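Q: Could you take a close look at the second largest pocket of this model and describe what lines it, and then turn to two acidic residues elsewhere in the chain?

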Amino acid sequence: MHRKSDQFLAVIALAALPAIASAQSTDASAAAAAPAPNLTGNVSVTTNYKFRGQDQDVLGRNDFAKTSWFKPAIQGGLDYVFGDSGFYVGNWNSSVNWLKGNSVEMDFYGGYKFKAGILDLDVGVYQYYYPGNTAGNTTEIYGGASWTDEKIGTFAGKYSWTVSKDYFNYAGHQGGSGLDGQNTGYLNLSYTKEIIPKVTFKTAVGYTFLSSDIRSLGFKSFFDYNVGASYDFGSGLSLAGSIQGATEQSAFNLVASPGFVVSGVPVGTTYFSPNKPRFILTLTKTL
């Protein structure tokens, strides 16, 4: 996607808004008991933005696929929690390049978190918005649960269900294909544990259940994976390294080079799959 630089800078400005902190007492014990701020923010730079195991920067020269492992992106967002009610809203943004005419992904979400016995539950709605090319717009509702033990770590699961007419333009619904991406589902399971002070291990696996209309085009439902660790430098700064990718690579192949034609037969055509595994570094500052 290609978008003007002022829109790109707007993403940075939004992500860099300072968090509204709670008032702090000069007494140490009072400060320790101070409530968390209602508004928090984050900004990141990454060597490659993958979403559910797939590269989000794929359009290169003449719209042929980029094959490089290094496809940097800048990202950031804000989250607001309504006191102790459990309700929250948020926005997250990233530079992207997979829809012609657009270079920014803007996500808007809201939900409700609550406890049920030993589980922390979370339900809500998530809107993916691509302002330069709305064919990719996708709406999902989600439900998740997590369980944490200080010694064992955190196990979490989340299911997202597409309620919009299309799933990231795979069905081509807005272009008049007559096909539907609705009811595509995504299940993600993850495990997180601080293995030594300041170093946290995380692994996750997901599965995308594509709608029957999308699968009729030759795409296949697939697994994605993410294995890595992060280091906490303090003051909200952390660095994460991970291997990310997805299965069914050939089902999502893009033409990287058209080659040439000999007697009407294409020769030397090369392909690239956005599902290809990559090692990714991400530097994040929470605000």
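A: What follows describes the pocket and then each of the two acidic residues in turn. The model is a predicted one, and every value given here was computed from it.

The second largest pocket holds about 480 Å³ of space, and 24 residues form its lining. Those that lie nearest the centre of the pocket are Trp 98, Phe 168, Tyr 170, Leu 254 and Pro 274. Sorted by class, the lining of this pocket is made up of 17 nonpolar, 4 polar and 3 charged residues. As for secondary structure, at least two lining residues are supplied by each of two strands, β3 (54-55) and β14 (254-257).

Turning to the acidic residues, Glu 105 sits in strand β6, which covers residues 104-116. Glu 105 is buried and yet has no salt bridge, for Arg 52, the nearest side chain of opposite charge, is 9.2 Å away. What the side chain of Glu 105 does have is a polar contact, at 2.9 Å, with the side chain of Tyr 49.

Asp 180, by comparison, is found in a loop, the one that runs between β9 (153-162) and β10 (185-196). Because its relative accessibility is 22%, Asp 180 counts as partly exposed, the cut-off for a buried residue being under 20%. Although Asp 180 and Lys 165 are 15 residues apart along the chain, their C-alpha atoms are separated by 5.7 Å.

Note on methods:
Residues numbered from 1 in each chain as written. Predicted model: local features only at pLDDT ≥ 70, side-chain atom pairs only at ≥ 80, totals over all residues. Heavy atoms only, no water. 1 Å grid on protein atoms, 1.4 Å probe; cavity = no way out; pocket = protein on both sides within 12 Å on 5 of 7 lines; lining within 4 Å. Points joined across faces, edges and corners; volume = space filled by probe spheres on them. Helix = DSSP H or I, 4+ residues; strand = E, 2+ residues; numbered from the N terminus. Nonpolar A, V, L, I, M, F, W, Y, C, P; charged D, E, K, R; others polar. Buried < 20%, exposed > 50% of the residue type's maximum accessible area, 1.4 Å probe, protein only. Lys, Arg positive; Asp, Glu negative; His and termini not counted. Salt bridge = Lys/Arg side-chain N within 4 Å of Asp/Glu carboxyl O. Polar contact = N/O pair within 3.5 Å; in protein donor to acceptor, adjacent residues only side chain to side chain.
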